[in-house]
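Q: Please take a close look at one helix in this model and at what surrounds it. Then set that part in the context of the rest of the chain.

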Amino acid sequence: MNTFINNGLNKKKVVFIIGATGTGKSRLSVDLATHFPGEIINSDKMQGYKGLDIVTNKITDLEKQGVPHHMLGEIDPEADFTAEDFCYQVVYHIEFVLNSGHIPIIVGGSNTYIEALVENPVFKFKSKYNCCFLWVDVALPVLHSSVSKRVDHIVHAGLVDEVRGIFVSEADYTKGIRRSIGVPEMDRYLREENKSNIDEAAKQVLVESASEEIKLNTCKLVCCQLEKIRRLRNEKMWPINQIDATNVHKKSGKEADDVWNEMVKPCLEIVEEFLKDDEKNVEAETNIRTMFPFKKLQVAI
């Protein structure tokens, strides 16, 4: 049984954008938010932490296009931010966005956190909210190639310097922002770089080795993310709309932008239809009240 079927007239609307790392979730969220309008709530556990903007590939101020973003770069980098913490924060921000008259758009690749939010009976999410799920999907071989290029880009953009800024010899890579892919892989290089017996060529070899490890671990993460999404769709029966963005990643420049714009159109249509349910529900509720008017009860005091 699909537990997302709307069995009430007063559920609030929330849009989710899910998908593996590097598929284009952030870009789509901004396109939707500027169209409807909406506000974006981050659900990427590593992007929630302050710092490491390059390593965690946070959306830039320019890319945000003025759209408000919540839970992005706000958490203490040393904090152990749990799925339960995430759920409480997200529910607060959803209500904040709704009260502002905007659509909450939850976007990120941390599907374990999203599942905890939707499925945990403590939060009663399904009874309070109607959900529209958009899955930005890319064929795996194409995505792996795209991820590899992105790692090269962030290395050139300053990954080494950024990780050096938080490096400590006794680092615990199982807590806080240091769990981010791109941090533990640089450990060996950062320990070796200042030794007197190492030259520039050796340093370059270490950086290239770390880069290859980052690519491998990112591809492993992608596979885990996709497996989780398929489980949510096939076992949990989440009504997920799969959007194929493969052709976008096969192109570059203006061609890629043109393909992207074509891909966004059905997404806008899906969300628009989802939001129209509100109008249908209001009309249905009005008809019911017309057919069966409420009688004011006279209560003796």
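A: In this predicted model, helix α6 covers residues 140-157, and its 18 residues should span 26 Å at 1.5 Å a residue; the C-alpha atoms at its ends are 25 Å apart, which agrees with that expectation. After α6 comes G158, with a positive phi near 125°.

The buried residues of α6 are V142, L143, S146, V147, V151, I154 and V155. The cover over these buried residues includes α7 (159-164), α9 and α10 (246-250).

One residue of α9 shows the packing at the level of side chains. T218 lies in helix α9. T218 has a relative accessible area of 7%, under the 20% cut-off, and therefore counts as buried. Leaving aside residues up to four places away in sequence, T218 touches T21, V147, V151 and I181. Of these contacts of T218, V147 and V151 are among the buried residues of α6.

Helix α9 (200-234) also takes part in the surroundings of another helix, since the buried residues of α4 pack against it. Helix α4 spans residues 111-119, and its buried residues are N111, Y113, I114, E115, L117 and V118. Besides α9, these residues pack against the strands β1 (12-19), β4 (103-107) and β5 (129-137), and against the helices α3 (83-99) and α5 (125-128).

Within α4, Y113 can be followed further. Its relative accessibility is 6%, so Y113 counts as buried. Not counting residues up to four places away in sequence, Y113 touches K45, F81, T82, A83, F86 and C87. One of these contacts, T82, is 31 residues from Y113 along the chain, and the C-alpha atoms of the two are separated by 8.4 Å.

Y113 also borders an enclosed space. The structure holds two cavities of 30 Å³ or more, and the largest contains about 50 Å³ of space. Its lining is formed by N42, S43, D44, K45, G48, M71, I75, F81, F86 and Y113. Three of the residues in that lining, K45, F81 and F86, are also among the contacts of Y113. By type, the lining of the largest cavity divides into five nonpolar, three polar and two charged residues.

The second largest cavity has a volume of about 30 Å³. V163, I166, F167, Y173, R178, V183, M186, D187 and L190 line this second cavity. One of these lining residues, V163, falls within α7 (159-164), which is part of the cover over the buried residues of α6. The lining of the second largest cavity has seven nonpolar residues, no polar ones and two charged ones.

As for the whole chain, there are 11 helices and six strands. Of the 301 residues in the protein chain, 44% are buried. Contacts between residues at least 6 apart in sequence join residues at least 24 apart in 80% of cases. The chain exposes about 16300 Å², with carbon and sulfur atoms supplying 53% of that area.

Technical notes
Residues numbered from 1 in each chain as written. Predicted model: local features only at pLDDT ≥ 70, side-chain atom pairs only at ≥ 80, totals over all residues. Heavy atoms only, no water. Helix = DSSP H or I, 4+ residues; strand = E, 2+ residues; numbered from the N terminus. Buried < 20%, exposed > 50% of the residue type's maximum accessible area, 1.4 Å probe, protein only. Contact = heavy atoms within 4.5 Å. Expected span 1.5 Å × (residues − 1). 1 Å grid on protein atoms, 1.4 Å probe; cavity = no way out; pocket = protein on both sides within 12 Å on 5 of 7 lines; lining within 4 Å. Points joined across faces, edges and corners; volume = space filled by probe spheres on them. Nonpolar A, V, L, I, M, F, W, Y, C, P; charged D, E, K, R; others polar. Areas by Shrake-Rupley, 256 points an atom, 1.4 Å probe, with all protein chains shown as cover.
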